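Visitor: Please show me the structure, and then take me through the contact between its chains.

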There are 2 protein chains.
Amino acid sequence: MTRRALVTGVTGFIGGELAKRLLADGWHVDGIVRPQSDTQDLANVAGLTLHVIQDSQDLTPLLAATSPDVVFHLASLYLAEHRPDQIGMLVQSNLLFTALLAEAMAATGTRNLINTGTAWQNFETNNYRPVNLYAATKQAAEDLLLYYADARNLSVITLRLFDTYGHTDKRRKLIQILIDAARNGESLDMSPGDQIVDMTHVDDVVAGFILAAQQLLGTRFGKPKAYYLSGERHSVKALARLVSDVLNHPIEIRFGGRAYRAREVMGPIVPSSDATLPGWTRKQSLQSYLAAFVA
Amino acid sequence: MTRRALVTGVTGFIGGELAKRLLADGWHVDGIVRPQSDTQDLANVAGLTLHVIQDSQDLTPLLAATSPDVVFHLASLYLAEHRPDQIGMLVQSNLLFTALLAEAMAATGTRNLINTGTAWQNFETNNYRPVNLYAATKQAAEDLLLYYADARNLSVITLRLFDTYGHTDKRRKLIQILIDAARNGESLDMSPGDQIVDMTHVDDVVAGFILAAQQLLGTRFGKPKAYYLSGERHSVKALARLVSDVLNHPIEIRFGGRAYRAREVMGPIVPSSDATLPGWTRKQSLQSYLAAFVA
């Protein structure tokens with residue numbers, strides 16, 4: 001029996017990789033995109049059906065038409081630091097859209113939701129303390145979903161992510177900046193570099209989403225759960241050394257050439273064993289990821 | 001030295017009474033209203049300055065111009081049960097507006113915020129469990145405010161309210177329905193009536209808001225706090241008896257003539273002593289409130 005998935009944020013890095021994995025596994029996959037979304041990278045993904053949805057649009061007809069077994073909610077507006085004029089967009093993308101999605105699921109008897117959170121909901125503590133307003137909207141979204149779980153019978157697992165990486169990532173993140181510097185010989189100004197980063201390969205993240213979905217499909221609904229997908233940990237300095245070693249090229253870095261960010265996460269929380277998605281283990285390593293760049 | 005207050009929700013029952021009390025106590029009071037707000041009841045309130053603010057408008061100029069010592073945030077969209085097409089308004093009123101208010105406070109160095117929550121954030125438990133989506137947005141708003149407190153130095157106390165009553169309440173709530181029935185002899189169809197209601201007179205609520213403000217003014221900021229203002233408790237049946245007794249008129253009620261509401265709050269949580277606003281005690285009683293209707 002073919003499983004049906006609805007993926008939001010399908011034009012993003014993780015959403016796109018998840019959709020491809022689900023299709024390869026034999027799922028039927030629908031994706032939600034916005035009118036302004038760049039869908040070029042998805043044009044060649046055989047079998048993927050895209051639905052264009054306006055902001056604030058009632059999602060009930062789409063849920064009724066697609067009747068997914070699982071909704072994977074990856075759509076999000078990410079802002080490390082927001083400007084005042086971006087608050088409306090943050091609330092719209094991360095709160096209103098999440099509520100509209102859950103409401104449409106409840107209205108159509110669509111039960112299973114995998115939601116996406118961030119380890120930044122936990123600045124230096126296992127309790128809620130947001131690094132930034134983005135992380136606060138993620139916590140707030142979980143609180144809205146608790147209503148839909150408790151009063152409207154949705155089954156919800158939130159996966160809280162740390163940093164992620166992979167070949168198709170187009171975000172200009174630290175790992176790619178280091179790889180480019182090793183290959184091009186450009187010098188970098190960086191922070192003092194003692195902060196710890198926690199990195200998970202997108203294949204492992206995608207495996208986590210699918211594992212969580214299987215857990216929802218295999219059980220009656222209960223309380224919403226939030227799990228972390230925590231990966232390899234290195235200081236930024238150690239990461240730079242690793243990239244340099246594997247790619248066998250020195251990287252010229254001025255550590256301390258830039259200041260730490262305000263509210264820099266120096267040591268991300270270490271999830272307790274019951275806060276890690278049951279059954280999930282990291283399989284990919286940065287070492288082998290980097291080795292592929294040598295060839 | 002004259003204290004300056006900015007009150008949102010000033011056209012509402014509690015906001016209006018709070019503004020009058022603050023003015024009587026010698027505060028300078030500014031109020032925020034929306035273009036569609038009915039401000040008729042405030043027209044005769046001497047000294048009150050009203051500012052018309054559009055939805056989603058940047059509040060920074062207003063905060064800069066009024067520079068309040070304390071912001072009392074009473075504005076809220078209350079919906080016991082929402083329709084799907086009202087989700088946008090709930091998010092707009094209870095989340096976006098709260099974030100814009102806090103952002104403008106942070107931008108202008110306005111430090112002290114008294115926020116309003118609801119005991120419905122705690123359906124049958126001291127932990128978060130929302131009775132309805134309205135209560136979920138109230139919890140979510142506290143999540144957003146935690147960011148502003150922790151990262152942007154706001155001092156925040158949230159007062160979580162149960163039921164409130166008072167002569168100027170225009171909402172058609174249970175107490176007024178019972179009073180009217182006792183006076184007019186009309187018969188009522190009601191739920192079985194075993195649910196407990198927790199009622200606080202608006203004068204006591206207003207005193208709580210001012211006491212909380214004084215606590216913020218007297219201390220350096222710390223973690224956001226949430227306190228309950230819990231009042232008299234009666235079952236609906238006992239409340240009907242009380243009204244009938246004091247007004248000395250029988251009330252013809254068919255208990256069970258209507259069903260309980262979905263997710264009826266049968267026994268509201270009893271706040272622990274450290275969850276009650278320090279120093280606050282209830283002074284008004286339903287008995288004396290009802291006695292005034294006899295004369």
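Guide: Two residues are in contact if their C-beta atoms, placed from the backbone, lie within 7 Å. The model discussed here is predicted.

Visitor: How many residues does the contact take from chain B and from chain A?

Guide: The cut-off is a C-beta separation within 7 Å. By that rule, the contact takes 26 residues from chain A and, from chain B, 26 residues.

Visitor: Which element gives the largest share of the side of chain B that touches chain A?

Guide: Two elements of chain B give two or more residues to this side, namely α3 (87-108) and α4 (133-152). By class, the side has 6 charged, 3 polar and 17 nonpolar residues. The largest share, 10 residues, comes from α4(B).

Visitor: How are the two copies related?

Guide: A turn of 180° with a shift of 0.0 Å along the axis lays chain B on chain A, at an RMSD of 0.0 Å. The copies are therefore related as by a two-fold rotation axis.

Visitor: In chain B, which residue has the C-alpha nearest the axis?

Guide: The same surface serves both copies, as 100% of the contact residues of chain B recur in chain A. In chain B, the C-alpha nearest the axis lies 2.1 Å from it and belongs to A140(B).

Visitor: What radius of gyration does chain A have, set against a compact globule?

Guide: Chain A has 8 helices and 12 strands, and its C-alpha trace spans about 55 × 40 × 40 Å along the principal axes. Buried residues make up 45% of its 295 residues. For 295 residues a compact globule would have a radius near 19 Å, which agrees with the value for chain A, 19 Å.

Conventions:
Residues numbered from 1 in each chain as written. Chains lettered and ligands numbered in written order. Predicted model: local features only at pLDDT ≥ 70, side-chain atom pairs only at ≥ 80, totals over all residues. Helix = DSSP H or I, 4+ residues; strand = E, 2+ residues; numbered from the N terminus. Nonpolar A, V, L, I, M, F, W, Y, C, P; charged D, E, K, R; others polar. Rg over C-alpha atoms; globule rule 2.2 N^0.38 Å. Buried ≥ 20, exposed ≤ 12 C-beta atoms within 10 Å, placed from the backbone. Least-squares fit on C-alpha atoms with pLDDT ≥ 70 in both.
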